[in-house]
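Work through the exercises below with the sequence and the model open side by side. Try each task before reading its solution.

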Amino acid sequence: QRLHDHGHTNIRVLNSAMSAYTTAHSLIRFAFDITEYTPDMVIVMHNINDLMVNYQATARGLPVDPHYNVLYSTKRFTGDITDEDIVISRVVHAISSRLKAWRETQARPLVADSDTSFGKRYFKRNLSNLVILARAHNVEIVLLTMPFARSEVTYEKSRANGRPFPAHARLLDDLAAYNEAIKEVGKRLGVTVIDMAVLLGDKEEYFVDTVHYSTQGVKTFGHTLAPRLAVLLGK
């Protein structure tokens, strides 16, 4: 709608993003799905899900692998059925599962500082390959940095989901470092980078936790991004 307001009334926007996707998933999505629609432009924004792989690896005492299997080969994402899924009583299983989830939420363990160097290398590799793939299909690609909230309140909301996080200051540093990695890829490959982290800012009312947006945040994000895309589309 905002692009139409800026005079680009022939624009269609297809949202091909998925919850929990990383750059590795987007590479596959681009190659197998998105190219079928012959888009003129693809907008890419990644950060936290790639970053989380580092924390999961640290929490489990494992290295970050190139395919992110340390996180995405786990049952939570694969949906594989194991012996623990075979239950006598669905009621008892439901209660015990909820109690287990509640205990994990209460624990909210802090992970030790993670070495993000390998994860960041794979992140930049995947972003670079997305650019190469886009250019091979004559698609303009635009990279966005990811806004995030800096307050302690939003940080505690993020930790409440039970996932492993480092200390607050370290999380903010890592998020900023991954945004810098996006800029590095853009500069090296000559790709447009829109610095949404700076443009949107970190007002607490824009976020429901450190990285997910409130309704106001979503609207402000769209209103901020649209005119900048309109300039690119008008070239």
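The exercises cover two long-range helix pairings, the helices involved, and several loop residues.

The model is predicted, so local features need pLDDT of at least 70 and side-chain atom pairs count only at pLDDT 80 or more, while totals for chains, interfaces and linings use all residues. Residues are numbered from 1 along each chain as its sequence is written, and side-chain values use heavy atoms, with hydrogens and water left out.

**Exercise 1. Describe helix 7: its span, its buried residues and what they pack against.**

Step 1. Elements are DSSP runs numbered from the N terminus, with helices being H or I of at least four residues and strands being E of at least two. Helix 7 covers residues 117–136, which is 20 residues.

Step 2. Compare the span with expectation, which is 1.5 Å times one less than the number of residues. From first to last C-alpha, helix 7 reaches 29 Å, close to the expected 28 Å.

Step 3. Pick out the buried positions (buried is under 20% relative accessible area, exposed over 50%, partly exposed in between, with a 1.4 Å probe and protein chains only). In helix 7 these are Gly-119, Tyr-122, Phe-123, Asn-126, Leu-127, Ser-128, Leu-130, Val-131, Leu-133 and Ala-134.

Step 4. List the partners, taking contact as heavy atoms within 4.5 Å. The buried residues of helix 7 pack against helix 2 (23–32), strand 1 (41–45), helix 3 (48–60), strand 2 (140–144) and helix 9 (168–189).

**Exercise 2. Work out how helix 2 and helix 7 are arranged.**

Step 1. Take the axes as lines fitted to C-alpha atoms, for helices over the stretch in contact, with angles from 0 to 180 degrees between N-to-C directions. The axes of helix 2 and helix 7 come within 9 Å and cross at roughly 15°.

Step 2. That angle makes helix 2 roughly parallel to helix 7. The classes are roughly parallel under 35 degrees, roughly antiparallel over 145, roughly perpendicular from 65 to 115, and oblique for the rest.

Step 3. The crossing of the two helices is left-handed. Left-handed means that the near helix is turned anticlockwise from the far one by less than a right angle, and right-handed means clockwise.

Step 4. Helix 2 contributes Thr-23, Ala-24, Ser-26, Leu-27, Phe-30 and Ala-31 to the contact, and helix 7 contributes Phe-123, Asn-126, Leu-127, Asn-129, Leu-130, Leu-133 and Ala-134.

**Exercise 3. Place His-46 and find its partners.**

Step 1. His-46 sits in the loop between strand 1 and helix 3. Its relative accessibility is 10%, so His-46 counts as buried.

Step 2. Leaving aside neighbours within four places in sequence, His-46 is in contact with Tyr-21, Thr-22, Thr-23, Ser-26, Phe-123 and Ile-182.

Step 3. Look for a polar contact (a pair of N or O atoms within 3.5 Å; within protein, one must be able to donate a hydrogen and the other to accept it, and residues adjacent in sequence count only if both atoms are side-chain atoms). The side chains of His-46 and Ser-26 make one at 2.7 Å.

**Exercise 4. Describe helix 9 and its packing with helix 3.**

Step 1. Helix 9 has 22 residues and spans 32 Å between its first and last C-alpha, close to the expected 32 Å.

Step 2. Its buried residues include His-168, Arg-170, Asp-174, Tyr-178 and Ile-182. The buried residues of helix 9 pack against helix 3, helix 7, strand 2, helix 8 (152–159), strand 3 (192–194) and helix 10 (196–200).

Step 3. Helix 3 and helix 9 pack at about 130°, with axes 10 Å apart. The two helices are therefore oblique to each other, and their crossing is right-handed.

Step 4. Ile-48, Asp-50, Leu-51, Asn-54 and Tyr-55 of helix 3 meet Arg-170, Leu-171, Asp-174, Leu-175 and Tyr-178 of helix 9.

**Exercise 5. Which residue just after helix 7 takes a positive phi, and where does it lie?**

Step 1. The residue is Asn-138, with a phi of about 55°, although Asn-138 is not a glycine.

Step 2. Asn-138 lies in the loop between helix 7 and strand 2. At 69% relative accessibility, Asn-138 counts as exposed.

Step 3. His-137 is in the loop between helix 7 and strand 2, and at 41% relative accessibility His-137 counts as partly exposed.
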